[in-house]
Each structure stands twice: as C-alpha cells, then as structure tokens.
Amino acid sequence: MSPMRLEIVTQERALFSGDVDMVVAPGAEGELGILPGHAPLLTVLGVGPLLARRGSEELWFAIHGGFMEVTPEKVIVLADVAERAEEIDIARAEEARQRAEQVLKERPPGVDLNAALAALRRSRVRLEVARRRRIRREGSTG
Amino acid sequence: MPTLRELRRRIRTVRSISQITRAMEAVSASKMRRAQEMTLASRPYSQKAWEVLVHLAHQAEASALLHPLLEVRPVRQVMLLLITADRGLCGAYNDNVIRLAFRFAAVSRAPVSFLTVGRKGRDAVARVRGALVADFSPMPRWPRFADVRPIARLAMEEFLKGSVDEIYIAYTDFINTMIQRPRVRRLLPLRLTQGYEPAVPEAVERLDTRAVANKTFIYEPDPAQLLDVILPRFVELQVYQAVLESLASEHSARMVAMRNATENAENLIYTLTLSYNKARQQSITSEMLDIAGGAEAMRQAARAQIQARLRVGAGR
C-alpha cells in the first residue's frame, strides 16, 4: 500500500513530517489505528503514546492532548504538547512520576489533586514511550 | 574651550559607549532572528487549526453560531490586551504601540479596560489612570506557549463571564528588520467568516476548495464538542503569536536604535577628535611662541648686555 503522510505539529514547532505506513494514535476515547486510505476523520486526542510505523521502523511520540485530522492520504496531529521518544529525559520523567504518586498518596492540603493526577499521567506516558523505544533498539541490535 | 584632558576623557567615554552599543546591536540581531524563528515555527499549527476551524464552522453551522466564543453581543465594555516590552532602549517601539492603543481607546464607543503584557505598557496605562484588569509582566525572555496561555485563558474567562463584550489585542507586527507596524486586532468574539485576517492568508484560499471536497467527515465526538476543544486553543495561539511578533519587533527596533547610537557615537568621536587635535595644535603653537618669545627676549637681553659692555669700554 502506498504510504501516507504524517505531520505532528504543536503551537511551538513542527515536530515531525514524513511518510509512514501506519499510525496508532491516542484518541480521547481509546486507541485509534490508521492505515493509508482511512475515511476522513476529525477527532480529539487524549494523553498517550503515538506510534508511527515506517517499514520495519517504529517511531514513538508522547502526545498530551490536542486534535487530529485524518484524510485518506494524510494524518495531521495538532498536539498541545508532543515529544519524540529520544527527546524524553527518563530520569526527569521518573522523578515527576514519583513526586505525583507521593502527592496522591499523602494528599497534603492545598494541593490540586487533579493537577497531580494529570502530572502522573503525563510522566507515565513519557516513561512508556521512552521504554518502548529502548526495547525496540535493544531488540534490533541484539 | 575645554581643556585637553577634558577632551581626552570625553573621547574615551564616547568610545566605550560606542563599543557597548555595537555589542548590543549584535545581541539584538541574534535575538531578533531567534524570535523570528519562533514565530515561523508556530505557523504550521495556526494554519492547520484555522483550516479545521472554518471547516467545522461550515459543517456545524448551527452549533458554530451558538458557540460562546463566537457570540456577538451589543458592546458595553471592551478589553484591550496591550503587548509591549519590559525594557526600553528600543527606539519608538513601545511608544508606537502604546499610542495606537490609547487612540483606539479614545475612539471606542464603549469603555475600555486594559490587560497588559510588558512593563512599559503597564506603566503607561497606570500613568493615564486607565482601568487595568491584570498585568502579566515581566514575561520570560523566551516565552513558551505555556507562559502565554494564562493570558488567553483570562481573556476568554472575562469574555465568557460577560464582563467584556469584545476583546482586542494591540501588538506590533514584525514586517521586516526595518519595518514594524503596531496593530489592533479583534481577538474575541472570533470571526470565522469574512473580515478576519488570519496570520497566514493562504490558509483561507486552500480552505475553500477543501470545504467543498470533503463532505463526509467522521467526527469524534461531534462537531460542536470538537469546536469546544479547538476554539480555545486557537485563541491561545493568537495571543502567543502576537507575543512572538512583538518580541521580534522589539529586538529589531532595539537593533536599529543601537546601530543609530553607534553611528552617532562615531560622529561624536570624530568631532571631538578634531577639536582635541585643534586644541593640541594650539597649545603646541602657543608653547612654541612662548619659547620663541623667551629666546628672543633672552637674545635681546644678551645683546643689550654686550652693547652696554661695549658702551662702557668706549667710554673708558
């Protein structure tokens, strides 16, 4: 099948643009697999990993909300925040996760629990994306 | 006539000023480039978001008309978001946009309250005792989207609450290095039909063909809810881009101001050096005259002595 174009942009930058064979995106209501020739679709995105497959290559991105437009030959992701897997600072994400978990466990007064929950979700997605990339790399080299 | 030492000191001062302004020019030039790059980097998103928005508005005409951020109301109160720099030394940059904002307020039929980004604008509003709703100064040196978001949030909140009926944004459009144009543009209610000037004009042209071509979109959830997600982001983006345009304008205005300052300093050094050399020449001349005069006097004295001695001899 002929590949489709994937574009990932945020308000601050164009993060990715290239031809891919498949996209799995974090829709607001569950994961969304998209192959070339998909029916036109406009959807809200949630927080989660986005996978783009190009041949045997896997590209991972962390997406934190936004929306996406799909046409048969093009997928455009307009994310609030988006990162490539290789940009993610694992140590920092891990730290953020622990901090958020601690806040949720102790529930200190005056702290926004929703913000902590959101932070927890964000850091989990980052860690997941970074981990998948690592597995992938070790698998391909070993 | 200033003394030689005084002149020397002034030349030294002006020279070091010119070195500083030349360095500031170079710094501003690189900052301007970076701000420009940031502005450009935000364009793909705004272009796409604008396309999607208008598309949605076409698809879901009823719900689009009903969306609170698009609602046109009788205007009883207007808010103006004024974007200036935190710092001066950038020529007329701040004055220009502030003057435009005040002129806008003067001709507005409804009372105008202010929301300021940048110390200069805040101080100007305070000076004329304008109604200042909130101030977001100082901005970080390189504002990120997350830094600008609260500004747009506050504006939308005020609009949705009904405490203001229209929101405008006064900022400086970066046209090129030499030209920056202060502008006032309507932010809310958002105009999705005609009359609105998007940041990227070509987006509109492409859109017309698309809106006709794609009739069978799937919407998840429904168009009205999508609009709910996209509209606020678009408003936030408008503010972000205005901040970035203004930032690029500020740095280029400062760059030009510093270049002028350097040139002025160089001219000053030239004239000062000229008068220093003149003064030095003059002092040398007068010294030589002194010496010559002294020598002449001594010679005359010696001659007088000899003659006196001769006279004495002749008398003997």
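These are my notes on one helix, one strand and the chain A–chain B interface of a predicted model.

I kept local features to pLDDT of at least 70 and side-chain atom pairs to pLDDT 80 or more, while totals for chains, interfaces and linings use all residues. Residues count from 1 along each chain, chains are lettered from A in the order written, and side-chain values use heavy atoms, without hydrogens or water.

**Helix H6(B).** I started with residues 145–161 of chain B, a helix by DSSP (an H or I run of at least four residues, numbered from the N terminus). Its 17 residues should span 24 Å at 1.5 Å a residue (times one less than the number of residues), and the end C-alpha atoms are indeed 24 Å apart. I found Phe145(B), Val148(B) and Ile151(B) among its buried residues (under 20% relative accessible area, 1.4 Å probe, protein chains only). Gly162(B) follows H6(B), with a positive phi near 90°.

**Strand S4(B).** Next I looked up residues 166–174 (strands are E runs of at least two). Here 9 of the 9 residues are buried, so the strand is largely enclosed by the rest of the structure. S4(B) pairs (at least two DSSP bridges) in parallel with S1(B) over 5 bridges, and Val78(B) sits opposite Glu166(B). With S5(B) it runs antiparallel over 8 bridges; Thr172(B) has Pro182(B) as its bridge partner.

**Interface.** I noted 23 residues from chain A and 26 residues from chain B in contact (heavy atoms within 4.5 Å). Happily, I also found 3 salt bridges (Lys or Arg side-chain nitrogen within 4 Å of an Asp or Glu carboxyl oxygen). One joins Arg233(B) to Asp80(A), closest N and O atoms 2.4 Å apart.

Conventions:
Buried < 20%, exposed > 50% of the residue type's maximum accessible area, 1.4 Å probe, protein only.
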